[in-house]
Amino acid sequence: MSTRRTPRARQVHLAAQLPGIHNVTVWSDPRSESQIAIDSFIRLAQTVERGKFDFFFLAEGLRLREHRGRIYDLDIAGRPENLTVLGALAAVTTRLGLAATVNATFNEPYEVARRFATLDHLSGGRAAWNVVTSYDAFTGENFRRGGFLPEADRYTRAAEFLSVARTLWDSWSDGDLRADAAAGEFVRAGAGRFAHHGRHFDIAGRFTTPPGPQGHPVVIQSGESDAGREFAASDADVIFSKHNRLDAAQDFYRDVKRRLARYGRAPDDLKILPTANAVVADTDEEAVAYAEEIGRELVSPQTAIAHLEAVWGRDLSGYDPDGPLPDIEPEDDAHFLKGHSVFRKGRAETAREWRKVAEERGLSIRELVIEVGGRPTFVGSPRTVADAIDHFVQTEGADGFVLVPHLTPGGLDDVVDRVVPLLQEKGVFREDYTGTTLRDHLGLSTNEETSPYEDTEENEAKEKPV
């Protein structure tokens, strides 16, 4: 009799994002509730915690998108500050990770490190930071130094920012001088004392907040560029991806995972989670019809023309959104949709790709925009959606997904109640949480050197003020 064991199936990681920026939620639907009221955040967070999701994520919009000087057609026009909301959610959840985007271009390391260390304490070790950058003066106009940072420097600043934050968290440990050619020099000399002298930051003092249960909060990155992928491979625990079509997702997955070895990291040290949408109904046919309805709600005629102008870089208001694409070429130097980074480069290539898809499938402008930007990722019966999610992960297109509901706050009810049980039945998703921290949920190591929560005399001493 053979004793060879069947390899254990890859486990699916799931997270949720409450949509509060851009046109990704049908806020006009009668079932959609407030995008600001704390009850909306609480309901969605408690729903996905019941579904044993890894974490709940809040994106950041530092400035509303504008089209021709007016707020973009279907964007959400209000969102409370992320960490304040997550602090409130820490009190009404017990295991769910709490993740927030905080920009490394328009903030300072000391305050960000302190806020995340505080959230990690308040939540019992469930904090995560999505480190993002901003290149544009349009967003920067909201800040004192708007537009000061050249785009080429945004990742060097972000890398130094993250290194300084980690130094602050680590400053509660005794240590020696540590030199880092890329980010400057760091001194750790007793609880809370730090010094950093680098290109972007020159600070010294004492850090006021001891590290939380995780040592360091989970670090998330969401860059698609080569520099962004390298930054994630060297420093992140999770990387978000926009690739939710399997072939492109597999290419992205292989590329990012292969980069880890040069930093002495294993493939499982970084989780790759594309953003995705799921439309679930009793049958596949009902789900397809509902998905088409959602697509039309998310892409109005005005939205379709605005997206087209963002690519073409010129006035297309005279074109019929239900007609064919324009036969004119894009202008590379124009930017009709301010605050939208997706279409600011490679317009000619994007236009060629869109024109090819439209011609092959006979799509109008609006139908094309729905196809390339507004179509849900997983559509079908609970079994169809569960099988598709599982197949995506088992074939190394992702380690899991950040699910973005089209309705607030009940848009993931069907996923939690009808899809998750099928994933559990397959043995690819947890029946219950087996740890207390977000690092536990993600299968990541805890920075034990700096965590004061281990029951040792050494760490008890680290908590004492100096």
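**A walk around strand β13**

Let me begin with strand β13, residues 271–276, where five of the six residues are buried, so that the strand is largely enclosed by the rest of the structure. Before going further I should say that what we are looking at is a predicted model, and everything I describe this morning is to be taken in that light.

What runs beside this strand? On one side of the pairing list is strand β12, residues 238–241, which is parallel to β13 and joined to it by four bridges; within that pairing, Val238 is found opposite Lys271 of β13. There is also strand β17, residues 400–403, which pairs with β13 over two bridges, again in the parallel sense, and here Thr275 has Val402 of β17 as its bridge partner.

The connection between β12 and β13 deserves a moment, since these two strands, together with helix α7, which covers residues 246–259, form a right-handed β-α-β unit.

Staying with that helix, I would like to pick out one residue, Phe252, which sits in α7. Is Phe252 buried or exposed? Its relative accessibility is 2%, and because buried means under 20%, Phe252 counts as buried. If we set aside the neighbours within four places in sequence, the residues in contact with Phe252 are Glu224, Arg229, Ile239, Ser241, His243 and Ile272. Of these, Ile239 and Ser241 fall within the residue range of β12, while Ile272 falls within that of β13. Phe252 and Ala398 are 146 residues apart along the chain, and yet their C-alpha atoms are separated by 8.9 Å.

Let me now step back to the protein chain as a whole, which has 466 residues, 55% of them counted as buried, and which contains 15 helices and 17 strands. If we take the contacts between residues at least 6 apart in sequence, 73% of them join residues that are at least 24 apart. As for the outside, the accessible surface comes to about 20,700 Å², and carbon and sulfur atoms account for 48% of that.

Finally, the interior. The largest nonpolar core is made up of 76 residues, and those with the most contacts inside it are Leu14, Val48, Phe53, Phe56, Leu86, Trp129 and Phe401. The helix that gives the most to this core is α5, residues 154–170, which supplies eight residues. Apart from this core lies another one, of 23 residues, including Val299, Leu316, Ala351 and Trp354.

Definitions and conventions
Residues are numbered from 1 along each chain as its sequence is written. This is a predicted model: local features need pLDDT of at least 70, side-chain atom pairs count only at pLDDT 80 or more; totals for chains, interfaces and linings use all residues. Side-chain values use heavy atoms; hydrogens and water are left out. A nonpolar core is a set of buried Ala, Val, Leu, Ile, Met, Phe, Trp, Tyr and Cys residues joined through side-chain atoms within 4.5 Å. Buried means under 20% relative accessible area, exposed over 50%, partly exposed in between (1.4 Å probe, protein chains only). Two strands pair if DSSP finds at least two bridges between them. A crossover is right-handed if, with the strands pointing away from the viewer, the path from the first strand over the helix to the second runs clockwise. Contact means heavy atoms within 4.5 Å. Accessible areas come from the Shrake-Rupley method with a 1.4 Å probe; for residues, only the protein chains shown count as cover.
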